[in-house]
There are 2 protein chains.
Amino acid sequence: MKAQVFDLLADPTRRRILDALRERDRSVGELVDLLEISQPAVSKQLRILRDAGLATVRIDAQRRIYRLTPARLLELDQWLAPYRAFWEDRLNDMEKTLNSMED
Amino acid sequence: MKAQVFDLLADPTRRRILDALRERDRSVGELVDLLEISQPAVSKQLRILRDAGLATVRIDAQRRIYRLTPARLLELDQWLAPYRAFWEDRLNDMEKTLNSMED
DNA sequence: ACTTAATATAACTAGTCAGGCATATAGCTG
DNA sequence: CAGCTATATGCCTGACTAGTTATATTAAGT
């Protein structure tokens, strides 16, 4: 049901959808025009994003308007944090090495 | 050859390997003990990480010691940046709404 | 109610991929 | 070099998944 955020982002189509929704809310039809795949394929990915909590729908006549809900992307940010620390340490080490070489 | 960073992170085994390498450099054997899968399976994932530029090997007798090279994780960080902007806007909007409700 | 528009679901299929086992390769030790 | 240790590669299989077509559903307009 609630997939890992990593799995969600692994698919390029889903990433394109997220990118599009970041700009503004979009109907399914708009997304179909944008991506070049069938309408059912788009609806399927939208369902996955919805189930995962990355998007919400609102109804506008026959249209369904999708909106990005980025909360779960915080998980990515959190996962990344210790790696960020890691690579900053690496840079500091290199700096130190350079400085000691100057002596 | 050089896979998308998203695809690399989609696999839980690879994430566990990265986590382990973040702590310290590790031989293949250590990783095999840690994860509970066969040695060939571990070697396979290590090859993928190596090819993707997320790890490097150095030789120590028969052992191969793997080290994390986190540079490519910056790609994630960069991908995430506009979404970060997006969700911060969202939070600001909510704040404004709350403030106006106080009036 | 009947028709058209917009979207969702179902069933199927082709491609991908992680893991298992067997085997090859590389490096040490006696 | 024989035998042992550590790792890599090849081949196979089962599981998963994104897309396709066909069909169902939902909502509007006439």
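How many residues of chain B are in contact with chain A? In this predicted model, 25 residues of chain B touch 25 residues of chain A. The legends below take up this interface, the two DNA strands and the sheet of chain A in turn.

**Figure 1. The interface of chain B and chain A.**
The size of an interface is often expressed as the accessible area that is lost when the parts come together. Between chain B and chain A, the buried area is about 2500 Å², and carbon and sulfur atoms contribute 68% of this area. On the side of chain B, the residues that lose the most area to chain A are B:Arg22, B:Tyr83 and B:Trp87. Together these three residues make up 23% of what that side buries.

**Figure 2. Salt bridges and polar contacts between the two protein chains.**
Across the interface of chain B and chain A, 2 salt bridges are found. One of them joins the side chains of B:Asp77 and A:Arg84, with a distance of 2.4 Å from N to O. In addition, 6 residue pairs are in polar contact between chain B and chain A, counting pairs in which both residues have pLDDT 80 or more. Four elements of chain B each supply at least two residues to the side that touches chain A: the helices α1 (5–10), α2 (12–23) and α5 (73–102), and the strand β3 (63–68). Of the elements of chain B, α5(B) gives the most to this side, with 12 residues. By class, the side of chain B that touches chain A holds 16 nonpolar, 8 charged and 1 polar residues.

**Figure 3. The protein surface near DNA strand D.**
Which residues are closest to DNA strand D? They are A:Thr13, A:Ser38, A:Lys44, B:Gln39 and B:Tyr66, among 24 residues that surround this strand. Of the atoms of DNA strand D that come within 4 Å of the protein, 62% belong to sugar and phosphate. Both chains take part in this surface: α2 (12–23) and α4 (39–51) of chain A, together with α3 (28–34), α4 (39–51) and β3 of chain B, each supply at least two residues. The largest share comes from α4(A), with 5 residues. The surface near DNA strand D comprises 9 polar, 8 nonpolar and 7 charged residues.

**Figure 4. Phosphate oxygens of DNA strand D and chain B.**
This view shows individual atom pairs between chain B and the strand. In the side chain of B:Ser43, an N or O atom is 2.7 Å from a phosphate oxygen of DNA strand D. For B:Tyr66, a polar side-chain atom lies 2.6 Å from a phosphate oxygen of this strand. At B:Arg64, a polar atom of the backbone is 3.3 Å from a phosphate oxygen of DNA strand D.

**Figure 5. The protein surface near DNA strand C.**
Around DNA strand C there are 24 residues, of which A:Gln39, A:Tyr66, B:Thr13, B:Ser38 and B:Lys44 come nearest. Sugar and phosphate supply 66% of the atoms of DNA strand C that come within 4 Å of the protein. The elements that each give at least two residues to this surface are α3 (28–34), α4 and β3 of chain A, with α2 and α4 of chain B. Here α4(B) gives the most, with 5 residues. By class, there are 9 polar, 8 nonpolar and 7 charged residues near DNA strand C.

**Figure 6. Atom pairs between the protein and DNA strand C.**
Two of the pairs shown involve bases. A polar side-chain atom of A:Gln39 is 2.7 Å from a base nitrogen of DNA strand C. From chain B, an N or O atom in the side chain of B:Lys44 lies 2.7 Å from a base nitrogen of DNA strand C. The phosphate of the strand is approached as well: a polar side-chain atom of A:Ser43 lies 2.8 Å from a phosphate oxygen of DNA strand C.

**Figure 7. The open sheet of chain A.**
Strands of a sheet pair through backbone hydrogen bonds, in a parallel or an antiparallel sense. In chain A, 3 strands form an open sheet in the order β1-β3-β2, with antiparallel pairing. The edge strands are β1 (26–27) and β2 (55–60), each of which pairs on one side only. Between β1(A) and β3(A) there are 2 bridges, and A:Arg26 has A:Tyr66 of β3(A) as its bridge partner. β2(A) is joined to β3 (residues 63–68) of chain A by 6 bridges. Along this pairing, A:Ala55 stands opposite A:Leu68, and A:Thr56 is partnered with A:Arg67. The hairpin of β2(A) and β3(A) has 2 residues between its strands, and A:Ala61 adopts a positive phi near 55° in this hairpin.

How values were computed. Residues are numbered from 1 along each chain as its sequence is written. Chains are lettered from A and ligands numbered from 1 in the order in which they are written. This is a predicted model: local features need pLDDT of at least 70, side-chain atom pairs count only at pLDDT 80 or more; totals for chains, interfaces and linings use all residues. Side-chain values use heavy atoms; hydrogens and water are left out. Contact means heavy atoms within 4.5 Å. Buried area is the accessible area (1.4 Å probe) that two parts lose on being put together, summed over both. A salt bridge is a side-chain nitrogen of Lys or Arg within 4 Å of a carboxyl oxygen of Asp or Glu. A polar contact is a pair of N or O atoms within 3.5 Å; within protein, one must be able to donate a hydrogen and the other to accept it, and residues adjacent in sequence count only if both atoms are side-chain atoms. Ala, Val, Leu, Ile, Met, Phe, Trp, Tyr, Cys and Pro count as nonpolar, Asp, Glu, Lys and Arg as charged, and the others, Gly among them, as polar. A residue is near a molecule or strand if one of its heavy atoms lies within 4 Å of it. Two strands pair if DSSP finds at least two bridges between them.
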